[in-house]
Amino acid sequence: MGIRRLFERHYPAVVRFLYRRLGDRDQAEELAQEAFTRLLNQRLRRPTAWLYAVAANLARDAARGEAVRARRLQLLAGEFADATQPSPEQELLREETARRVRAALLSLSERDRLLLLLREEGLSYREIADVVGVSPTSVGPLLTRAQRRFVRIYHGVTATEAHDASASS
């Protein structure tokens with residue numbers, strides 16, 4: 001598959017993958033472009049798996065400065081709010097849900113988080129296996145366990161918060 005076709009087919013998914021890891025759309029687009037740029041110099045049998053592996057590594061490297069970027073984005077969001085945005089209640093609920101999902105994902109091991117995000121992007125078991133470094137027959141059970149851990153952590157976080165809120169009222 002040519003680089004142009006590969007780009008047209010996978011660029012949006014790589015950006016989504018990176019956005020879910022980083023929470024910053026601009027940074028996700030920048031890192032996706034970097035991953036495709038690095039792909040230009042490669043001759044690979046499985047370029048999709050390589051591309052996601054490079055994207056995951058770029059995201060991991062970029063995450064070191066995530067707190068600074070998050071503060072800057074919050075300041076900008078407050079300055080440029082307009083009437084087309086959802087109600088404050090809707091926005092608060094959306095932010096709270098996103099925070100809980102991110103917290104649950106961050107509580108998982110790096111491999112579980114990577115498995116879930118790659119599958120969410122629609123990669124095949126073989127492509128996931130190439131990125132993670134396991135056999136394709138191992139991907140199904142690993143994904144199932146990762147999903148169970150995520151659900152358990154997510155509901156544990158929400159149940160704990162609900163208990164804390166009711167205890168303080």
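**Entry 1: helix 1**

I looked up burial along helix 1 and found that Leu6, His10, Tyr11, Ala13, Val14, Val15, Phe17, Leu18, Arg21 and Leu22 are buried. I note at the outset that the model is predicted.

I then examined the course of helix 1, which covers residues 3-22. I recorded a bend of about 50° at His10, and His10 is itself among the buried residues of this helix. A proline, Pro12, follows the bend within four residues. Just after the helix, I found Gly23 with a positive phi of about 75°.

**Entry 2: aromatic pairs**

I asked how many aromatic pairs the structure holds. The count is 5.

I took up the pair of Phe17 and Tyr52, which is edge-to-face, with 5.4 Å centre to centre and 75° between the planes. Phe17 belongs to helix 1 and Tyr52 to helix 3 (residues 47-62), so this pair ties together parts that lie 35 residues apart in sequence. I checked the exposure of each partner: Phe17 is buried, with a relative accessible area of 0%, and Tyr52 is buried, also with a relative accessible area of 0%.

I next recorded Phe150 and Tyr154, a stacked pair with 6.0 Å centre to centre and 20° between the planes. I noted that these two residues are 4 residues apart in helix 8, which means that about one helical turn separates them. Both Phe150 and Tyr154 are buried.

I also found a cluster in which ring pairs link Phe7, Tyr11 and Phe36. Of its members, Tyr11 appears in my list of buried residues in helix 1.

**Entry 3: the second largest pocket**

I looked up the second largest pocket and recorded a volume of about 300 Å³. I listed its lining as Tyr19, Arg20, Ala98, Val101, Arg102, Leu105, Leu116, Leu117, Glu120, Gln147 and Phe150. Phe150 thus has a place in this lining as well as in the stacked pair with Tyr154.

Which helices each supply at least two residues of the lining? I found helix 1, helix 5 (88-107), helix 6 (110-120) and helix 8 (136-168). The largest share, 4 residues, comes from helix 5.

I finally sorted the lining by residue class and obtained 7 nonpolar, 1 polar and 3 charged. Among the residues sorted are Arg20, Arg102, Glu120 and Gln147.

Technical notes. Residues are numbered from 1 along each chain as its sequence is written. This is a predicted model: local features need pLDDT of at least 70, side-chain atom pairs count only at pLDDT 80 or more; totals for chains, interfaces and linings use all residues. Side-chain values use heavy atoms; hydrogens and water are left out. The bend at a residue is the angle between axes fitted to the seven residues ending there and the seven starting there. Buried means under 20% relative accessible area, exposed over 50%, partly exposed in between (1.4 Å probe, protein chains only). On a 1 Å grid over the protein atoms alone, a cavity is a set of points where a 1.4 Å probe fits but cannot get out, and a pocket is an open set with protein on both sides within 12 Å along at least five of seven lines; lining residues have an atom within 4 Å of a point. Grid points are joined across faces, edges and corners, and a volume is the space filled by probe spheres set on the points. Ala, Val, Leu, Ile, Met, Phe, Trp, Tyr, Cys and Pro count as nonpolar, Asp, Glu, Lys and Arg as charged, and the others, Gly among them, as polar. Rings of Phe, Tyr and Trp (its six-membered ring) pair if their centres lie within 6.5 Å; planes under 30 degrees apart count as stacked, over 60 as edge-to-face and the rest as tilted.
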